[in-house]
Amino acid sequence: MSRFQRVAVLGATGSIGESTLDVIARHPDRLAVYALSAHSRMERLAQQALASRAAVVVVPDDAARRRFLAAWPAGQSAPEIRVGAQALADTAADAECDTVMAAIVGAAGLPSALAAARAGKRILLANKEALVAAGGLFMQAVRENGAELLPIDSEHNAIFQCLPQGQHAGAPTEPARGVRRLLLTASGGPFRRQDPEDLHDVTPDQACAHPNWSMGRKISVDSATMLNKGLEVIEAHWLFAMPAERIEVLIHPQSVVHSMVEYDDGSVLAQLGQPDMRTPIAYGLGFPDRLASGVSPLDLARCGRLEFETPDLDRFPCLGLAFDALRRGQGACIALNAANEIAVEAFLAGRLRYTWIPRVIAAAVEWQQRQSSVTLNNLADVLALDTEIRAYTGNLGLA
């Protein structure tokens, strides 16, 4: 019989956090909320904490604490309120917590994800930076402390489901036996058929008009440039100990096949499903069992045709930059991610052309590669380089 789990949902008010709470609420016999965290949406955090009976909430500062209390209904016993970044890391490692949903966006999610790994928790990983910026450190912490790592990104979760049965949810040091390649799928975004020469005058609204998904503006731009898929390639390298030359990206505009694993005998296993994050979240929460997620069944007859094509790197240069960064090493991956965040922010603010996003990233990676004295032996080193790259990129005349 599967164990009862008390879950800390870090980044509770984002889309992953909301979906996680939805799945947990469907299984009160197996799952309960221990802690919730949020950065800015204190009113929503109060609603979530009340509904889930969370024992602990974590907020960034005293002002947020006051806002949370102001939103809390009179007469109700409030949860314990913990304040600050250290409190977030401490909560991820709390002995009262079994499972951590690491869904905080950006470098801010790194320390708490690493704390969960060091505490030997079951980690449902939805934070890209833990692997893109600190893959070596993070996977070492998972291995050394017996943590259980389950990927939540739909592509990596699909690969995990398609790997050989009995594949340990941890930190492999070599590819699974019999696996030839990992095939990550991508929608292709709104510019899949656009001539690269016509992309110079793309507006933020055009870049954010994703054909299949409703997402935040930053991730929508990353999908349009396919930088998000490049980050997923880097994540797949760390999660599955797979070298870059054995990872391939295919454009699949229907977003029904979430990713595939090709075996040495020629078999290709694919995971299909509705584009709903509750599927991978339920898989992570229930592993090795499968839990009802609330996702509607997939009607393949209605889907009709499933198409696949190779991405054009002239149209999607950011994807090529990501493969190159992976081959160059962890410092280049940090530069890729940090520079992209600054460039996309400038694009959304109207200060940078869409086609200059890859140019800014390439410049930052080249600058980083010239910093021969950089060491990345601990989290402080990683965060320091991240800060340096952001400062360098911000000084490239983007304002």
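# Briefing on a predicted model: helices, loops and a pocket

Glu155 is found in helix α8, which covers residues 154-162. The model described here is predicted. This briefing begins with Glu155 and its surroundings, then turns to three helices, several loop residues and one pocket. Helix α11 is treated together with Glu155, since two residues of that helix, Lys229 and Glu232, are buried and are also touched by Glu155.

**Glu155 and its surroundings**

- Glu155 has a relative accessible area of 12% and is therefore buried, the limit for that class being under 20%.
- The side chain of Glu155 is joined to that of Ser154 by a polar contact of 3.2 Å.
- Leaving aside residues up to four places away in sequence, Glu155 touches Leu184, Thr185, Lys229, Glu232, His258 and Ser259.

**Helix α11 and the residue that follows**

- Helix α11 runs over residues 227-240 and has 14 residues.
- From its first C-alpha to its last, α11 reaches 20 Å, close to the 20 Å expected at 1.5 Å a residue.
- The helix is largely enclosed by the rest of the structure, because 12 of its 14 residues are buried.
- The buried residues of α11 are Leu227, Asn228, Lys229, Gly230, Leu231, Glu232, Val233, Ile234, Glu235, Ala236, Leu239 and Phe240.
- Just after α11, Ala241 takes a positive phi of about 50 degrees, although Ala241 is not a glycine.
- Ala241 belongs to the loop between α11 and β9, the latter being residues 247-251.
- With a relative accessibility of 19%, Ala241 counts as buried, because the class takes in values under 20%.

**Helix α12 and the cis peptide bond**

- Helix α12 is mostly covered, with 8 of its 9 residues buried.
- Those buried residues are Arg278, Pro280, Ile281, Ala282, Tyr283, Gly284, Leu285 and Gly286.
- The loop between α12 (278-286) and α13 (300-303) contains Pro288.
- The peptide bond from Phe287 to Pro288 is cis, and its omega is near 5 degrees.

**Helix α15 and the loop to α16**

- Helix α15 comprises the 19 residues 330-348, for which a span of 27 Å is expected at 1.5 Å a residue; the end C-alpha atoms are 27 Å apart, in agreement with that value.
- Because 17 of the 19 residues of α15 are buried, the helix is largely enclosed by the rest of the structure.
- Gly350, just after α15, takes a positive phi of about 80 degrees.
- Thr355 lies in the loop that connects α15 to α16 (357-369).
- Thr355 is buried, at a relative accessible area of 16%.
- A polar contact of 3.1 Å links the side chain of Thr355 with the side chain of His200.
- Not counting residues up to four places away in sequence, Thr355 touches Leu199 and His200.

**Exposed loop residues**

- Arg53 is placed in the loop between α2 and β3 (56-59).
- Phi of Arg53 is near 60 degrees, which is a positive value in a residue other than glycine.
- Arg53 has 75% relative accessibility and therefore counts as exposed, a class that requires over 50%.
- Gly75 lies in the loop between α3 (62-71) and β4 (80-83).
- The relative accessibility of Gly75 is 87%, so this residue counts as exposed.
- From C-alpha to C-alpha, Gly75 and Gly266 are 63 Å apart in space, and they are 191 residues apart in sequence.

**The second largest pocket**

- The volume of the second largest pocket is about 260 Å³.
- The elements that give two or more residues to its lining are α1 (15-25), β2 (31-37) and α2 (42-52).
- Its lining consists of 14 residues, and Leu21, Ala25, Val33, Ala51 and Ser52 are those that lie nearest the centre.
- By class, the lining of this pocket has 8 nonpolar, 3 polar and 3 charged residues.

Methods: Residues numbered from 1 in each chain as written. Predicted model: local features only at pLDDT ≥ 70, side-chain atom pairs only at ≥ 80, totals over all residues. Heavy atoms only, no water. 1 Å grid on protein atoms, 1.4 Å probe; cavity = no way out; pocket = protein on both sides within 12 Å on 5 of 7 lines; lining within 4 Å. Points joined across faces, edges and corners; volume = space filled by probe spheres on them. Helix = DSSP H or I, 4+ residues; strand = E, 2+ residues; numbered from the N terminus. Nonpolar A, V, L, I, M, F, W, Y, C, P; charged D, E, K, R; others polar. Expected span 1.5 Å × (residues − 1). Buried < 20%, exposed > 50% of the residue type's maximum accessible area, 1.4 Å probe, protein only. Polar contact = N/O pair within 3.5 Å; in protein donor to acceptor, adjacent residues only side chain to side chain. Contact = heavy atoms within 4.5 Å.
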